[in-house]
Structure formats: structure tokens, C-alpha cells
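Me: I'm new to this structure and would like to learn how to read it. Could you take me through it step by step?

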Amino acid sequence: MDKQLRKVVIAGNWKMNKTPAQTTALINEIKPLVKDAKCDVVVCVPYIDLFAALEATKGTNIKVGAENCHWAKSGAFTGEISADMLKACGVPYVVIGHSERRTYFGDTDVTVRDRTRAALDAGLTVILCVGEYLEQRQQNITMEVVRQQVKIALNGVSEQELDNIIIAYEPVWAIGTGLTATAQQANEVNKGIRDLICELYGKTAADKTVVQYGGSMNAANAQELLKQPDVDGGLIGGASLKAADFAAIVAAASK
Ligand code: PEP
């Protein structure tokens, strides 16, 4: 399948880091370093930082995302934020199903599906995270696990809506651990995801679906990962909090 048919997307996931003032400062540092990027650049920030991020990125090539959204439109869900609220604030992207949400906050494949549905209905672009635990890789069931996560999340998603979904393959054992999947491991699973999209939606859809890799991607390993035929960008945690490192990954993706 032809990589040229797809765009490359580098997205930072800031997790629970940065105040609004620190957000403005970090984006101001990143801005000049990525202004000539030949890939899409996104920063996904805590809810409280969204307005600062939107303001700081105005007129630039950096897009803003949230790190989660609720599945309901509104209602008695104390502490939650809906997809419609994000849309109303002018936020175009949202991360859904991050392994930290699944591991620490009880997200399941079904709630990930429901959040994805709400985000698509609101007109957001979803960065849908999937990935296996170390024990699952050791049991050789990585592809079964990832296929199930993707299949359930995409249940009810039309081919047209798929244009607004980026899939991020993130092996849980590689997130925030400094352990990175080898380029071959990353490409193998990303290709398996693309094959599944082909089964579900056909080749045209599979050719254009962006499948990122995430898990300790950094300035040193980005190029090797990003040159793989089925790796269309990265979801970056730790390294996205350092302007120079994030920019180096964007530069690697722009080659
Ligand atoms: C992530 O949070 O999605 C991630 C990949 O984190 P890190 O790059 O720190 O492993």
C-alpha cells in the first residue's frame, strides 16, 4: 500500500503536565522550530490548557487537541467534558482510548467506542489509541488484542467518518518506559491494523488511514520508526514536552 497517499501526523500528548502559562511558553518555543514542517503537527493538552494553546497557536501550523472526551452530549457527569464542548471551544482533535485512560480510569473497548462516536458526531478528529500489554505480547496475542480494540472502536463508523480517525498503535509496555518497539515490531502491527481496515472498509480506505506509532518515540529513534512503510507519524508523550526534541521528531517526519 502506498505511503504517499497518506499524510504524516506528529502529535504531542502532554498528559497531566503544564499550567496555562507554561502552555503558552512551550508553544511559543515550539512554533518557530516547526513552522516549515511537511507533516501535520498537533499538541494535545490538558483541558485547562486548551484556551491558552488555541490562543498561542493562532495563525500557525500547529493544531490543538484534548486528551479525552465523554460519550454523552451533556448531563450529570461531574468532572467530565463532552465532545460538543470541545468543538464549541474550537478544539479540532481529541485523543481517545489512551492506555493510561484504560489502565487507571476504567476505559473499556466499549466506552472507547462510545467516546469515539460522540467525538465524530461533534465533528472532531479522533486519535484512537490501541495497544497490547507486555504479557499479551509475550503470549503472542498482540494482533488479536489490537484487532479487537480497533474493531470495537470502529463499530458503526462509516467509511466517510473514517477520514476523521487517526489510529495510534501504542504498545503499553513502551509508553513512558524508555522501551521502544523496534521499527519492525511497530511496522508489523501498524500493517496489521491497515489490513484490518482493508477487511472492514476496503483498500481505498486502508490506503488513506493514518496509523501512527507511539511509545517512547524520541529525537534519536524517530527517523528509523517513521521511515517504515506503515508508520504514518507518531504520538509522542515525554519528548513532546521539550521543544527541541518535539521539533526534531517533526523534522524527522518532514524528510
Ligand atoms: C503517549 O503518552 O502516548 C506516549 C507515547 O508516551 P511516551 O512517548 O512518553 O512513551
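Me: At what angle do helix 1 and helix 2 pack, and how far apart are their axes?

Reply: Happy to help! Two packed helices are described by the angle between their axes and by the distance between those axes. In this predicted model, helix 1 (residues 20–34) and helix 2 (residues 50–57) pack at about 30°, and their axes are 8 Å apart.

Me: Are helix 1 and helix 2 roughly parallel or oblique to each other?

Reply: Angles under 35 degrees count as roughly parallel, so helix 1 and helix 2 are roughly parallel to each other. Their crossing is right-handed.

Me: What about helix 7 and helix 9?

Reply: Helix 7 (residues 142–153) packs with helix 9 (residues 183–201) at an angle of about 45°, with 10 Å between the axes. Helix 7 and helix 9 are therefore oblique to each other. The crossing of this pair is right-handed.

Me: Now the ligand, please. Which residues are closest to the ligand?

Reply: Start with the shell: 14 residues surround the ligand, and the closest are Lys-15, Glu-170, Gly-176, Ser-216 and Gly-237. By type, the shell divides into 4 nonpolar, 8 polar and 2 charged residues.

Me: Which atoms lie 2.8 Å from an oxygen atom of the ligand?

Reply: One is an N or O atom in the side chain of Lys-15. Another is a backbone N or O atom of Gly-237. In the side chain of His-98, an N or O atom is 2.9 Å from an oxygen atom of the ligand. As for cover, the ligand on its own has 290 Å² of accessible area, and the protein covers 96% of it.

Definitions and conventions:
Residues numbered from 1 in each chain as written. Predicted model: local features only at pLDDT ≥ 70, side-chain atom pairs only at ≥ 80, totals over all residues. Heavy atoms only, no water. Near = heavy atom within 4 Å. Polar contact = N/O pair within 3.5 Å; in protein donor to acceptor, adjacent residues only side chain to side chain. Areas by Shrake-Rupley, 256 points an atom, 1.4 Å probe, with all protein chains shown as cover. Nonpolar A, V, L, I, M, F, W, Y, C, P; charged D, E, K, R; others polar. Axes fitted to C-alpha atoms, helices over the stretch in contact; angles between N-to-C directions. Helix = DSSP H or I, 4+ residues; strand = E, 2+ residues; numbered from the N terminus. Parallel < 35°, antiparallel > 145°, perpendicular 65-115°, else oblique. Left-handed = near helix turned anticlockwise from the far one by under 90°.
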